[in-house]
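Subject: Structure handover, with notes on salt bridges and one histidine

Hello,

Here is the structure I said I would pass on. Please look it over alongside the notes underneath.

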Amino acid sequence: MLDVLGLEPDDERVYRALIGQPDSTATLLSELLVIAQAQVDHALSRLVGWGLAIRSADERFTAAPPAMALGALISQRRDGLRAAEHALVTFAEEHRAAMTGSSIVDLIEVVTGVDAIRHRYLQVQQAARTQVRAFITAPFVALPPDENTAEPMAIGRGVHFRAVLDRAVLAEPGIVHDAIDSLRNGVQLRVADQLPMKLMLADAELGLVPLATTPTGEPGAVLLHRSGLLDAMDALFETVWRTAHPLELSGTGGEAEPTVELGAEGPTDLDRRILALLLAGVTDPTAATQLGLSPRTLHRRLRHLMDMAGVRTRMQLGGHAVRHGWVTA
């Protein structure tokens, strides 16, 4: 638990033992923890050096108050991370200046093979400081959305995510549940009829563009550094984003056949998910499959919604849903 502060497992075990057994000797701690005294001596020496333990004249040890001692370590680590962030900005500027007159070889890196693409895919997200933007199409070359471990980590440090999904992706098994998880984490999702390529952008510094397979049968990709080509990818994303349809999927969808009772004051979470998928252009069979519904249940929900809205056609239902805030415009 405390390894992020630089403590080794033995350090943490000894410190926790000292919290419960103040004024202990190294021998007592060794017997209590069932580890060699040499290990305890080493841990105690480190803890004293960090101010986490206090040594008395008769070689007895007491844990320093956690709120004070650990708080100081956390503050030091936080200050160190801030200094590293400032250094990152400085290094990035120096790198950008050095790359200004670089050859095309320095600006474009060719990546070959699934493992290499997956590595770069995660690295691009880890390098982002403010935002990540992506075009998501099927089939998934690097990682399926549910295996993208870099996304929640980046979101946790304040990176903003926007993604446009190719409409065909919504037919992939489990994609709606993955989309719900992403939306809950603050990711903005939109749907486009057809995307021109796969794409991932980190700020305005890096871009990863997966390509078709190479003559050897391996998938390939190019990693773009800051350049006119990367600026073009940036503009392309923003153009597609403006015309894509926002995707809003409420609810958890945890049951195979969610409740279909009408909400007392409007559409249920399930209704909103049905409307969001259909407004995004997903077919009835695909929407039913993604939501774990039978086609009959889906049609019954739509009929309920049309009756509630007082309309006769799905087009009228879509307009009513947008006007009355059932889905995002």
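The notes below cover the salt bridges and then one histidine.

Please keep in mind that this is a predicted model, and that the residue numbers run from 1 along the chain as its sequence is written.

Salt bridges

The count comes to 13 salt bridges. I describe some of them here.

R46 is a good place to start. This arginine sits in helix α3, which covers residues 37–50, and it is partly exposed at 22% relative accessible area. Two acidic partners can be described for R46, namely E8 and D11.

The salt bridge between E8 and R46 has its closest N and O atoms 3.9 Å apart. E8 is in the segment before α1 (9–20) while R46 is in α3, so this pair ties together parts that are 38 residues apart in sequence. As for exposure, E8 counts as partly exposed, with a relative accessibility of 37%.

In the salt bridge between D11 and R46, the N to O distance is 2.7 Å. Here the acidic residue belongs to helix α1 and the arginine to helix α3, so the pair links parts that are 35 residues apart in sequence. D11 is buried, and its relative accessible area is 0%. The cut-off for buried is under 20%, so the 22% of R46 puts that arginine in the partly exposed class.

D181 and R184 form a salt bridge within one helix. Their side chains meet at 3.9 Å, N to O. Both belong to helix α8 (residues 175–184), and because they are 3 residues apart there, about one helical turn separates them. D181 is partly exposed, with 40% relative accessibility.

There is also a network of salt bridges, which links R133, R162, D234 and E238. When you open the model, these four residues can be displayed together.

The histidine

Where does H320 lie? Its place is in helix α13, which spans residues 314–323. Is H320 buried or exposed? H320 is buried, with a relative accessible area of 11%. Leaving aside residues up to four places away in sequence, H320 touches A309 and W326.

If you want a starting view, I suggest R46 with E8 and D11, followed by H320 with A309 and W326.

Regards

Definitions and conventions. Predicted model: local features only at pLDDT ≥ 70, side-chain atom pairs only at ≥ 80, totals over all residues. Heavy atoms only, no water. Helix = DSSP H or I, 4+ residues; strand = E, 2+ residues; numbered from the N terminus. Buried < 20%, exposed > 50% of the residue type's maximum accessible area, 1.4 Å probe, protein only. Contact = heavy atoms within 4.5 Å.
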